[in-house]
Amino acid sequence: MRLGTCYYPEHWPESMWANDARTMTKLGITQVRIGEFSWSRIEPSRNEFQWEWLDKAIETLSNHNLKIIMCTPTATPPKWLIDEIPEILALNEDNQTRNFGSRRHYCFSSKNYRKESRRITNILLNRYGKNPNIISWQTDNEYGCHNTVVSFSPMAEKAFQNWLQLKYVNIENLNKSWGNVFWSQEYNTFEQILLPNNTVTEANPAHSLDFRRFSSDQVISFNNEQVNIIRAHSDALITHNCMGHFTSFDHYLLGESLDIMTWDSYPLGFLDQGWSTEKEKLQWMRSGHPDFAAFHHDLYRNCSKGRWGVMEQQPGAVNWAPNNAAPENGMVKLWTLEAAAHGAEYCSYFRWRQVPFGQEQNHAGLFDSRNEISQGALEVAEVSSILSKLKSLETFSNEVALMFDYPAKWMLDIQPQGKEWNYEKLCFEFYTTLRRLGLSIDIISSDHDISKYKLVVAPSLPVIPKNLLQSAKISNTKLLFGPRSGSKTSEYQIPPKYPFNRDFKFIKSESLRDGASLKINMNDKIYYSKNWRDIIECKGINKIEFSDGHPAYIHNNDYGYIATWPTYELLKDLLINLTEKIGIKTTCLDENIRMRHTKDLTFAFNYGDEILDISKMAPESKFIYGGSKIDPYGVSIWKTQKNK
């Protein structure tokens, strides 16, 4: 795994560049990302180009054997362009213009902006497409950041109408699919259809779902335009840097046109602004949740056919969360090695130097604004030494996959049917429970080939693909579904027949307020569930019941179904019983320990503040780094012959 950093030569005097490059090399950094916010410096006014500074920056970095990841600068269209074409700007849900003055100030549906995006991308590639020092191109920057996937502009409305006409062909098909007979919502033409905002009460859920699908497709098509231009001029790899806890567009579809998927890892910021309890936020304040980074590593790895990396790794305190603690000593090293264990091709730190001006001046870098080295930079040098000992890290063929589905997220957001319902949180809790059993997990889409897995877990899958149950039966893959699975059609209607109807039928569902729980008796032990219950009936099938007699869990030879949002203890014991029956070895881990297997190595990571003994996990092992007692915020790595 190579190490990199995000560098902004336009922020610093040219006299600093060469020394920065030398220092990068000394730390073990081999590649540098540049250019994603540089449009106003490249083209300060229309068709007036200033290339000298960028030519010099590339030359200086290359002279120190640093390879370049060059970005298209379209995340920040310059002021002169906005003044020329103000309709580039997006509108929010209240139809207010999202003005110039920060970043990502454009609407994906603006044909004029797409034309300008193609123009600047072509110009950039004409100049640098064949440069041998540029090993990769990044399209734009963090699509959708700051809630910018959706726009309620007139351009978006017209594009949405065209998208609907292509999908449904005639208005009768749309009226039927959307169920527009309800509340007299029927349309006579596609031109009558508005965007689903500012309605008196909630918009038709099918209308809202198609708008989310359309908005996702707009991101994908915008990205594809840049990808096509890059491929016409360059043989270098193409990537885009996605984000954590971000689901407004379908990353599986984005990855289809990329060579390598990357994402921006900020474990502390996302913990503080996320759904974790106050206790958890204090417990992992300086380390991040033990599963946050790993979840996204496993997700984005399968979004681009196994090739992935970290484009921005948090090196210190960030500036954008409600509270911004600094990481504990050792965490930058741990996060980097965890990326390596999951098969990252590179890990790049954001940013090289803290900037003393602008919106991010309180965001730490590997060096501070006075050019003093940070703790994070010291750990980068240590990581470089460790990686040299590990050499190639061939990924492991995992036995278990978790199914994460973007349309499922959109459906369940549109009508959560209870304020405690959160699809992503449910998936994350299932993932955490699997990881605390010592398992390495793949995260896959609902249409992914499941034949290589012994177990596939779908925490909630409202629309079950037509051939999923049959594919599992043929490949002898056990499926485990969570609540609300099979409850919808792709048109956002209740299906006339449920996919499980031979074994059980839904009677009704209920959402539970925070603090409410239901008792479940399993193997003479009392467990609890929370948030949600599917009330079902079944005959001739194995089941575990709620205290009122309704099934809480049913299973047969092909699949299991959990009819509720399980607590950790319930889900853990269900998974232990299930994995034991299908021949998957598990190891119950301390809440602060996580493991990851490669083909020949096992990694253990300590997210806690106490020394932990892992000798039972690694008996008679040859340690390459660390040992059988892991220091707080430490890592141990050992040779293993077989991880199954």
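A salt bridge is taken here as a side-chain nitrogen of Lys or Arg within 4 Å of a carboxyl oxygen of Asp or Glu. In the predicted model described here, the side chains of R533 and E510 meet this criterion, with a nitrogen-to-oxygen distance of 3.0 Å. R533 belongs to strand β16 (residues 525-538) and E510 to strand β14 (residues 504-511), so the contact ties together parts of the chain that are 23 residues apart in sequence. The two partners can be described by their accessibility. R533 has a relative accessible area of 6% and is therefore buried, whereas E510, at 27%, counts as partly exposed.

In total, the structure holds 39 salt bridges. One of them joins R104 to D140, with the closest N and O atoms 2.6 Å apart. This pair links distant parts of the chain, 36 residues apart: R104 is placed in the loop between α4 (79-84) and α5 (111-128), and D140 in the loop between β4 (134-138) and α6 (154-168). The relative accessible area of R104 is 4%, and this residue is accordingly buried. D140 is likewise assigned as buried, because its relative accessible area is 0%.

A further salt bridge is formed by R307 and E345, whose closest N and O atoms lie 2.7 Å apart. Because R307 is in the loop between α12 (292-301) and β8 (308-313) and E345 is in the loop between α13 (331-341) and β9 (346-349), the pair ties together parts that are 38 residues apart in sequence. With 32% relative accessibility, R307 is partly exposed; E345, at 17%, is buried, since buried means under 20% relative accessible area. Salt bridges with shared partners also connect E43, R46, E84, E116 and R119 into one network.

The strand arrangement was examined next. Nine strands form an open sheet in the order β5-β4-β3-β2-β1-β9-β8-β7-β6, and their pairing is parallel. The edges are occupied by β5 (237-239) and β6 (241-242), each of which has a single partner strand, so one side of each is left without a neighbour in the sheet. At the β5 edge, strands β4 and β5 run parallel and are joined by three bridges. Within this pairing, S136 stands opposite L237 in β5.

Antiparallel pairing is found around strand β26 (residues 635-639). Four of the five residues of β26 are buried, and this strand is therefore largely enclosed by the rest of the structure. Strand β22 (residues 601-606) runs antiparallel to β26 and is connected to it by five bridges; the partner of A604 in β26 is S636. Strand β24 (residues 622-625) also pairs with β26 in the antiparallel sense, over three bridges. Here, K622 has K639 of β26 as its bridge partner.

Two surface patches were identified. The first is a patch of negative charge in which D590, E591, D609 and E610 gather. Within this group, E591 is located in the loop between α18 (568-581) and β21 (593-597), and its relative accessibility of 34% places it in the partly exposed class. The other patch is nonpolar, covers about 400 Å², and is made by V181, F182 and W183. V181 lies in the loop between α7 (171-178) and α8 (205-233). At 65% relative accessibility, V181 counts as exposed, because the threshold for that class is over 50%.

Separations in sequence and in space were also compared for selected residue pairs. H11 and F357 are 346 residues apart in sequence, yet their C-alpha atoms are 9.3 Å apart in space. H11 occupies the loop between β1 (2-6) and α1 (14-27) and is partly exposed, with a relative accessible area of 25%. For S62 and T30, a sequence separation of 32 residues accompanies a C-alpha to C-alpha distance of 10.0 Å. S62 is part of helix α3 (residues 52-63), and a relative accessible area of 13% identifies S62 as buried.

How values were computed
Residues are numbered from 1 along each chain as its sequence is written. This is a predicted model: local features need pLDDT of at least 70, side-chain atom pairs count only at pLDDT 80 or more; totals for chains, interfaces and linings use all residues. Side-chain values use heavy atoms; hydrogens and water are left out. Patches are made of residues with over 30% relative accessible area and no salt bridge: like charges are joined within 9 Å, nonpolar side chains (Val, Leu, Ile, Met, Phe, Trp, Tyr) within 5 Å. Accessible areas come from the Shrake-Rupley method with a 1.4 Å probe; for residues, only the protein chains shown count as cover. Lys and Arg count as positive and Asp and Glu as negative; His and the chain ends are not counted. The place of a charge is taken as NZ of Lys, CZ of Arg, CG of Asp or CD of Glu. Helices (H or I, at least four residues) and strands (E, at least two) are DSSP runs, numbered from the N terminus. Buried means under 20% relative accessible area, exposed over 50%, partly exposed in between (1.4 Å probe, protein chains only). Two strands pair if DSSP finds at least two bridges between them.
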